[in-house]
Amino acid sequence: MVGNILSSPTPFTPPTTEEDRLSWLRLIRSRRVGPATFQRLLAEHGNAAAALDALPAIARAAGVEDYAPCPLDLAQRERDAGQRKGARLLFLGAPDYPAALAALPDPPPLLWARGRASVLAQPGIGLVGARNASSLGARMARKLAEGLGHHGFTIVSGLARGIDAAAHGAALKTGTIAVMAGGVDVLYPPENEMLGATIADQGLLLSEQPMGLQPQARHFPRRNRLIAGLSRAVVVVEAAEGSGSLITARDALDQGREVMAVPGHPMDARAAGANLLIREGARLVRSVEDVIEALEHSLTDPEPAPAPQAPKRAGPGAAPDTLTLHRMILDRLSASPLPEDQLLRDLDLPAHALAPALLFLELDGRVQRQPGGMLARN
């Protein structure tokens, strides 16, 4: 029965043994298991090993007959590759996991960190912008990064060419974090390989992706979300309309962070995105002092997110039969993301009755969970 597959009173806890850590790595690397599904599985089954054991039965109930979790040897190879590169895993719920990320909805269950994790103790400022930065834009990025570093902030960016590279380089002495779209051992783009190696020595490379993974276009939005999540504020220096920097700014707004932008000439397409942000209400930045002034009221750490709790069992008659519920969910979802709480209201069901059906549909590939509690139909 579906209700028996997904029901357990055991709470979520971070891993404490090497076996547990490998089970976490296997679970998050398993097909169709993202951060939200990972947390649901742990909340239901108490630990990653039990969740891995349950996955094939859950997948079969969702109509996926050939499902197999990530093999142990694959997780061991990733662990060993990380150790060879001097990287270590940070697990959600553990003391060394970034508190700012833990406060996000659906935070990554684990992160690879390569370098000096001490920079995570300082408040972060995201500094992002155009890859084809102008000389003036790069100078502004360096000035902001250097000044904010001297005020005790860690500069967070994405190791892209242009503004990102200028910001990282200026903040090496005071602390910088490069959030990677691929593995922390894959320094991309190639022209920033030396800068990335220096950050690994003096700052921190961070990624939720597997070791050795070459970055692809679909990985960058997830990277941008982490840049925003690690930051008290995101400052945009030169960005075209529709650029990745504006995605980072939108993520920052969704996460309750401050968004700021350096204005540029109206005739320069590289400034169009930053100017648009200012027009829509972002704080205009002319100097380090403008950033400090905006942050004076928000220099406390974000509250850690509460640990996921195991869903309660649905009582008799609390939900339709499984096939009917799946059809009802899919009828209300489309390619346009819908908030999960709106879906609950539309179906007039309690969360604990909807959770198992959503999990089945996620594993079956028919529903995609997106950041911020959003759901879309594949």
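Buried means under 20% relative accessible area, exposed over 50% and partly exposed in between, using a 1.4 Å probe and protein chains only. Helices (H or I, at least four residues) and strands (E, at least two) are DSSP runs, numbered from the N terminus.

The model shown here is predicted: local features need pLDDT of at least 70, side-chain atom pairs count only at pLDDT 80 or more, and totals for chains, interfaces and linings use all residues. Residues are numbered from 1 along each chain as its sequence is written, and side-chain values use heavy atoms, with hydrogens and water left out.

**View A. Helix 16 is mostly covered.** Eleven of the 13 residues in this helix (residues 351–363) are buried, among them Leu354, Phe360 and Glu362. Why does its length agree with expectation? At 1.5 Å a residue, helix 16 should span 18 Å, and its end C-alpha atoms are 18 Å apart; the expected span is 1.5 Å times one less than the number of residues. Just after the helix comes Gly365, with a positive phi of about 80°.

**View B. Trp24, Phe38 and Phe91 make up one aromatic cluster.** Rings of Phe, Tyr and Trp (its six-membered ring) pair if their centres lie within 6.5 Å; planes under 30 degrees apart count as stacked, over 60 as edge-to-face and the rest as tilted. Two aromatic pairs are found in the structure. Trp24 and Phe38 meet edge-to-face, 5.0 Å centre to centre with 70° between the planes. This pair links helix 2 (residues 18–28), home of Trp24, to helix 3 (residues 35–45), home of Phe38. Trp24 is buried at 2% relative accessible area, and Phe38 is buried at 1%. Trp24 and Phe91 are also edge-to-face, 5.6 Å centre to centre with 80° between the planes. Here the partners lie 67 residues apart, with Phe91 in strand 1 (residues 87–91). Phe91 counts as buried at 6% relative accessibility.

**View C. Leu27 and Val236 touch the most other members of the largest nonpolar core.** Such a core is a set of buried Ala, Val, Leu, Ile, Met, Phe, Trp, Tyr and Cys residues joined through side-chain atoms within 4.5 Å. This one has 72 residues, and helix 4 (residues 48–61) gives the most to it, with seven.

**View D. Three strands form an open sheet in the order 10-12-11.** Strands pair if DSSP finds at least two bridges between them, and the pairing here is antiparallel. Strand 10 (338–339) and strand 11 (367–370) are the edges. Four bridges join strand 11 to strand 12 (residues 374–377), and Arg369 stands opposite Leu375 in strand 12.
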